[in-house]
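Dear colleague,

I am passing on the structure we spoke about, and my notes follow beneath it. Please read them with the model open beside you.

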Amino acid sequence: MTTIKLLKSASFGLAACAVSFAFTGQASAEDVIVGLVTKTEVNPFFVKMRQAAEAQAKEKGAKLIARAGKFDGDNEGQVAAIEDLISAGAKGILLTPNNSSGMLNIIKKARDAGVLVIALDTATDPADAVDATFATDNFEAGVQQGAYARKALGDKTPIVAMLDGTPGGTVDTFRHDGYLKGFGIAEGDPAIAGAAITNGAQDKGQIGMENLLSKNGDINAVYTINEPAAAGAYAALKSFGKEADVMLTSIDGGCAGVRDVKDGKIAATVMQFPYKMAAMGVDAVVEYAATGKKPSGFVNTGSFLITDKPVDGIESKDTAWGLKNCWGD
Amino acid sequence: MSAVPVSPPEKTSGVMAKIIGVPSAGPLLVLLAFGLIFAITNPRFLATHNLSIILQQTVIIGTLAIGQTLVILTAGIDLAVGAICVLGTIIAGKLVTSGYDPALSMAFSVLVCTAAGFAAGGLISGLRLPPFIVTLGILGILTAALRLISAGGAFPVRDEFLGWTGNTLRLGGFIVTYGVLLMFVLYALVWYLLNETKWGRHVYAIGNSPEAARLVGIPVRRHLLSVYLLAGFIYGIGAWLALGRIPNADPNALQTANLDSITAVVIGGTSLFGGRGGLIGTLIGALIVGVLRNGLTLAGIDPLWQDLVTGILVIVAVALDQLSRRKG
Amino acid sequence: MKTPAPLQPIPSDSAGIVLEARNVVKRYGHMTALDGVDFELRAGEILAVVGDNGAGKSTLIKALTGAVHPDGGEILLDGEPVHFKGPLDARHRGIETVYQDLAVAPALDIASNLFLGRELRRPGIMGSVFRRLDKKRMRQEAERSMAELKFRLPSITNAVEALSGGQRQGVAVARAALFARKLVIMDEPTAALGVRETGQVLELIRAIRDRGLPVVLISHNMPNVFELADRIHIMRLGRRAAVVSPKTHSMGDVVAIMTGATRVEEARDPGV
């Protein structure tokens, strides 16, 4: 028994050593600490955001500490991250909130402690809970997608399928509603053949599209929450032999998505700019640390329609431009 | 500390032997070692404010891990902890937003969580189904039910009473929330049950050898049912604590609570095979995870290291358990 | 030539009979497990029950401990007819059973195992309201009981898993001795043990008898039976074939009766 217990203590000690190995390149006291809290570590959108923030912080001589939730909806993980960052002495925190109302208490706590809080990508509810929001206007991005789809359909009577992300999500709702607005129809319009939940994942996008096609084979326009969902939808359309007849559009501007546009799988996608959000955020924190000046309000980081089949009256860029400015790989 | 006082062999003597003899000594040493490393690398770590934050961050998983410990001590496993807890937050939130009395709403939602534990225990002890499968099934059912109840979305819960566990009070320069105190009270109560009463003895006996327990006349199935029932009740209290942490009812929340609570239990030295371990270890296990996450952030290190180190600790703990069981 | 034992050993003193079965019948479907069996356990004795597989040994024991309900006949405890509702009922009436598979919880300590299912609570409000265990008293009682049985263990606070197989079974036997008020039944208590460990357990069984508790010992192990038993009850075909004394009969006699090679009326020495 004794030897085992000694062994136990010793091995736990080993694990402790592993931690001490991790201590390389830690922050020196003078650095301005910028905290970044994203939704998850896995989404390439947030990976790009983090890389851009790290690059920008390096350039500005600041120290970036990045944290993330473990899954979409990990409010507790994000709250803990913010608490830790306040403790660490962060000057400002850039946050992509998992849930627009879930973070209100901790954001208030951070701001009361003199920390600048900027929402990236996703606004809080109410929006003035944070100092400023740097984000894509998701409603506007939805409008761009919907308007293009309607125009490109021409004379055909529209029959629309909606491939949503996670119902109730803030971004989800904006994009969904924006699409309908741009398309010129209202929620509940008979032109909507049905909706499916994809969680923004390719496999679920494919299943959702298959089911909707089984329900109504005449679908000719498909809204997708993001490009992975669109890729799934394309696979389903192809297996039904419908890929040429359906106006498949999306939002995001990931490089894989732009390539799909180039290959003609997706008709058009609306690109957003995570690196711009991150870089602007880091700049704002560094400036706040130096001068005490805070940004405020909603700052649209912009969105562009990317397509190789432009239609009259709708501004767009081609995929060559898209591939130069896309994120992820 | 544990209900299994194992006297050290006569050969070892003195303080060292005493420390080694306590089952939760290993995890405690790890916790102290990490604490020391972090304190040296960043003085902010030991700030009372920071320590208080670590405690607050441990509240939800730490509380859910109490129920998980009880279940694992009977050689079971509970994959539905997080889902039952979220169920509690959503029911309480829905009732209060519909205008019901907050205290009654919370009490009702604790009751529903207890009933969920009762259902799990009933299936496990009554139909003799494996706990893994039963709780996996309940997890699936609740995940769907939660989305349906909440119509897919999260909603804010702005109520004084439901958020009460997040309020702070000052204890000699140390700021704690009522939630932290409540968690400690739960630990103390369940520790007493496990170590000082017949009920606890029988939990260990059943986890050790259900056949032996049956032969000495312990009503094994009824006892198992009571364990899952109590676990469900604790998850219900966990829901109240979760609302104090984040005043938001979100069907997508706490998806990894099952694995996180199992991690705390295992790092704390409780055997997945049942009948060995204890609650103090679990509390230390939960704190180790919290300290790692917080300390690494303070040191400006990628917190992915936390997952890595936690993974190592889990494997070491399980391997040591296996080793000591084989020897015994 | 030895004299065969009488079929009915003279119940010299019916007040000295602790447990008795009369004409007990148990059927499972078409199979008759007990075909009108009689049984007598006298005060202060070790009675061995032997028999070939399927002779009805275990069914008899189950009937005596309340694990099965007989279809006919009666069971008397201290001369009073009893109907056990289950094993717990039999235990409440002072009958303790030790099983072949070690009925102990390995990670719990010796004292906890001794009192498992019958834990003592503290006196006063701590016990009645707060249900607090009286660990100290349980330890003391456990130590006292072990001392009485002259059963040496490293420490009462050792986990049972740290003990040898014989010591573990010793804990189970001591538990029965501690709580039995009328008698102890041992179902193959040494089947899983080695030679030396078996010796320890046999010592214990003798110590229990010497404290005045009668013991029923079910065993396949003839040398053990002959070493311990005061009388040997031999089962054959669901009935009691004979009750013999190890002093008057050899192992060969007993085996012959068990297998039917010797009918009791005309038992002869087969020579071992």
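In chain A, where is confidence lowest, and where is it highest? This is a predicted model, and within chain A the lowest confidence falls in helix H1 (residues 2-22), with a mean of 51, whereas the highest is found in strand S8 (residues 221-224) of chain A, at 97. Over residues 20-29 of chain A the pLDDT is below 50, although this stretch still has 14 contacts in the model beyond near neighbours in sequence. Where pLDDT is low, the predicted coordinates should not be read in detail. Taken as a whole, chain A has an average pLDDT of 88, and 91% of its residues score at least 70.

As to domains, chain A is divided into domain 1, which covers 29-136 + 274-295, and domain 2, which covers 138-271 + 304-325. The C-alpha centres of these two domains of chain A lie 30 Å apart, and the contact between them involves 8 residues of domain 1 and 7 residues of domain 2. On the side of domain 1 of chain A that touches domain 2, the residues comprise 3 nonpolar, 3 polar and 2 charged.

Turning to the contact between chains B and C, 22 residues come from chain B and 24 residues from chain C. Helix H8 (198-208) and helix H9 (210-215) of chain B each supply at least two residues of the side that touches chain C, and H8 of chain B gives the most to that side, with 5 residues. By class, this side of chain B has 10 nonpolar, 7 polar and 5 charged residues.

With best regards

Key
Residues are numbered from 1 along each chain as its sequence is written. Chains are lettered from A and ligands numbered from 1 in the order in which they are written. This is a predicted model: local features need pLDDT of at least 70, side-chain atom pairs count only at pLDDT 80 or more; totals for chains, interfaces and linings use all residues. pLDDT is the predictor's confidence in each residue, from 0 to 100. Helices (H or I, at least four residues) and strands (E, at least two) are DSSP runs, numbered from the N terminus. Two residues are in contact if their C-beta atoms, placed from the backbone, lie within 7 Å. Ala, Val, Leu, Ile, Met, Phe, Trp, Tyr, Cys and Pro count as nonpolar, Asp, Glu, Lys and Arg as charged, and the others, Gly among them, as polar. Domain bounds come from an automatic or database domain assignment.
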